[in-house]
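Please walk me through this structure. I am new to it and would like short answers.

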Amino acid sequence: MTELIVGLVSISDRASAGVYKDEGIPALKDWLNGVIASPAWRDEIRLIADEQPVIEATLKELADRKGCHLVLTTGGTGPAPRDVTPEATLAVAQKVMPGFGEQMRAVSLKYVPTAILSRQVAVVRGQCLIINLPGQPKAIKETLDGIFAAVPYCIDLIGGPYIETHEAVVKAFRPKSALRKP
């Protein structure tokens, strides 16, 4: 069975400069450890500044050279002038997956009216699904809870490993024709 490689990218000027401790990557790791049943997975972690060329280079490195099947970014998706994560993500995209962004905003609207300010996107680059997530640990969990059911099948479709989840947390959805027997 192929090992799942997940890029975890926290995008924050202040955290990358050591002004405060990053909370995004630990939140992502905790959530993934609770949901992924198989295959074994490992991460590629990056803590970077909110600079479009740096974000683009990091996403390309993770997808093209490190062989990540999934890259989750956290931070830089709002309307502030320094928030350029969506622009960088779209710049490296081969396919845009608009349903993820739509669903992430719909999920977040259940919790905060400012979810409409989010510009989160998801794209495919080669055999890698890249998803922009919010920056706060609580919002990361809420968002992943609301979208992850579709992630394993998307990764199947782009040639990645077959991901099984702990169904009590998130039940991966696949059409019957795409299910594998354990």
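The questions below cover pockets, one strand residue and the nonpolar cores.

This is a predicted model, where local features need pLDDT of at least 70, side-chain atom pairs count only at pLDDT 80 or more, and totals for chains, interfaces and linings use all residues. Residues are numbered from 1 along each chain as its sequence is written, and side-chain values use heavy atoms, with hydrogens and water left out.

Q: Which element gives the most to the lining of the largest pocket?
A: A pocket is an open set of points on a 1 Å grid over the protein atoms alone, where a 1.4 Å probe fits, with protein on both sides within 12 Å along at least five of seven lines; lining residues have an atom within 4 Å of a point. This lining has 36 residues, with Gly-75, Gly-76, Pro-134, Gly-135 and Gln-136 nearest the pocket's centre. Two or more residues each come from β1 (4-11), α1 (13-16) and α6 (137-147), these being DSSP runs numbered from the N terminus (helices H or I, at least four residues; strands E, at least two). The top contributor, with four residues, is α6.

Q: What is the volume of the second largest pocket?
A: A volume is the space filled by probe spheres set on the grid points, which are joined across faces, edges and corners. The largest pocket holds about 840 Å³. The second largest is lined by twelve residues, including Glu-167, Lys-171 and Arg-174. Its volume is about 240 Å³.

Q: Is Thr-73 buried or exposed?
A: Thr-73 sits in strand β4 (residues 70-74). Beyond residues up to four places away in sequence, Thr-73 touches Val-9, Ile-11, Leu-59, Thr-85, Ile-131, Asn-132 and Leu-133 (heavy atoms within 4.5 Å). Buried means under 20% relative accessible area, exposed over 50%, and partly exposed in between (1.4 Å probe, protein chains only). At a relative accessible area of 0%, Thr-73 is buried.

Q: Which element gives the largest share of the largest nonpolar core?
A: A nonpolar core is a set of buried Ala, Val, Leu, Ile, Met, Phe, Trp, Tyr and Cys residues joined through side-chain atoms within 4.5 Å. This one has 30 residues, and Leu-129 and Ile-131 touch the most other members. Elements giving two or more residues include β1, β4, β7 (128-133) and α2 (24-35). The largest share, six residues, comes from α2.

Q: How many residues are in the other core, which has Val-9 among them?
A: This core lies apart from the largest one. Ile-55, Leu-59 and Cys-68 are also among its members. Its residues number 16.
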